[in-house]
Amino acid sequence: MPKKEEKPPAEAKKEQKIETKPQAPPEEAPKEVPKPEKAKREKKKKIGKKIFKLYQLEPDKVVRLRPVCERCGPGYFMADHGNRYTCGHCGFTKYKPSEK
Ligand SMILES: [Zn+2]
């Protein structure tokens, strides 16, 4: 029996024909990256309250309860440290007149 395993050349050529399609640009799918939900902590607004402590609102004017730094000029309030006032900007310290 003759072996007929060899394929005809025509058929082999057909298999080699591979259509080369021009690579289509990948569709730009909007990537929806799920943002990790950040647990937002409610910040306590302590600063705001502190600021209002420095002022006393009166009907026609604003009274500043803290002294102004002598070196830095108006706009720089001095911190109340009990027996003294200190400027946080330049470090100037002014002692309060003794209350005793
Ligand atoms: Zn100062």
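Three strands, E3, E4 and E5, make an open sheet in that order, with antiparallel pairing. Strands here are DSSP E runs of at least two residues, helices are H or I runs of at least four, and both are numbered from the N terminus. Two strands count as paired if DSSP finds at least two bridges between them. The edges of the sheet are strand E3 (78-80) and strand E5 (93-95), each pairing on one side only. On average, neighbouring strands of this sheet are turned by 25° against each other, direction ignored. That angle runs from 0 to 180 degrees between N-to-C directions, with axes as lines fitted to C-alpha atoms, for helices over the stretch in contact.

This is a predicted model: local features need pLDDT of at least 70, side-chain atom pairs count only at pLDDT 80 or more, and totals for chains, interfaces and linings use all residues. Residues are numbered from 1 along each chain as its sequence is written.

Look first at the pairing of E3. E3 joins strand E4 (residues 84-87) in the antiparallel sense over three bridges. Within this pair, Ala-79 stands opposite Thr-86 in E4.

Now step back to the whole chain. Its secondary structure comes to two helices and five strands. From the N terminus on, the order is α-α-β-β-β-β-β.

Another pairing involves E1 and E2. E1 and strand E2 (residues 61-64) pair in the antiparallel sense over four bridges. They form a hairpin with two residues between them. Tyr-55 stands opposite Arg-64 in E2.

Gln-56 lies in strand E1 (residues 55-58). Gln-56 counts as exposed because it has 11 C-beta neighbours inside 10 Å. The scale is this: a residue is buried if 20 or more other C-beta atoms lie within 10 Å of its own, exposed if 12 or fewer, and partly exposed in between, with C-beta atoms placed from the backbone. Leaving out residues up to four places away in sequence, Gln-56 touches Val-63 and Leu-65. Contact here puts the C-beta atoms of two residues, placed from the backbone, within 7 Å.

The totals come next. Of the 100 residues of the chain, 4% count as buried. Among contacts between residues at least 6 apart in sequence, 2% join residues at least 24 apart.

Last comes confidence. pLDDT is the predictor's confidence in each residue, from 0 to 100. The chain has a mean pLDDT of 78, and 71% of its residues reach 70 or more. Among the elements, helix H1 (residues 9-16) has the lowest mean pLDDT, 61, and E4 the highest, 94.
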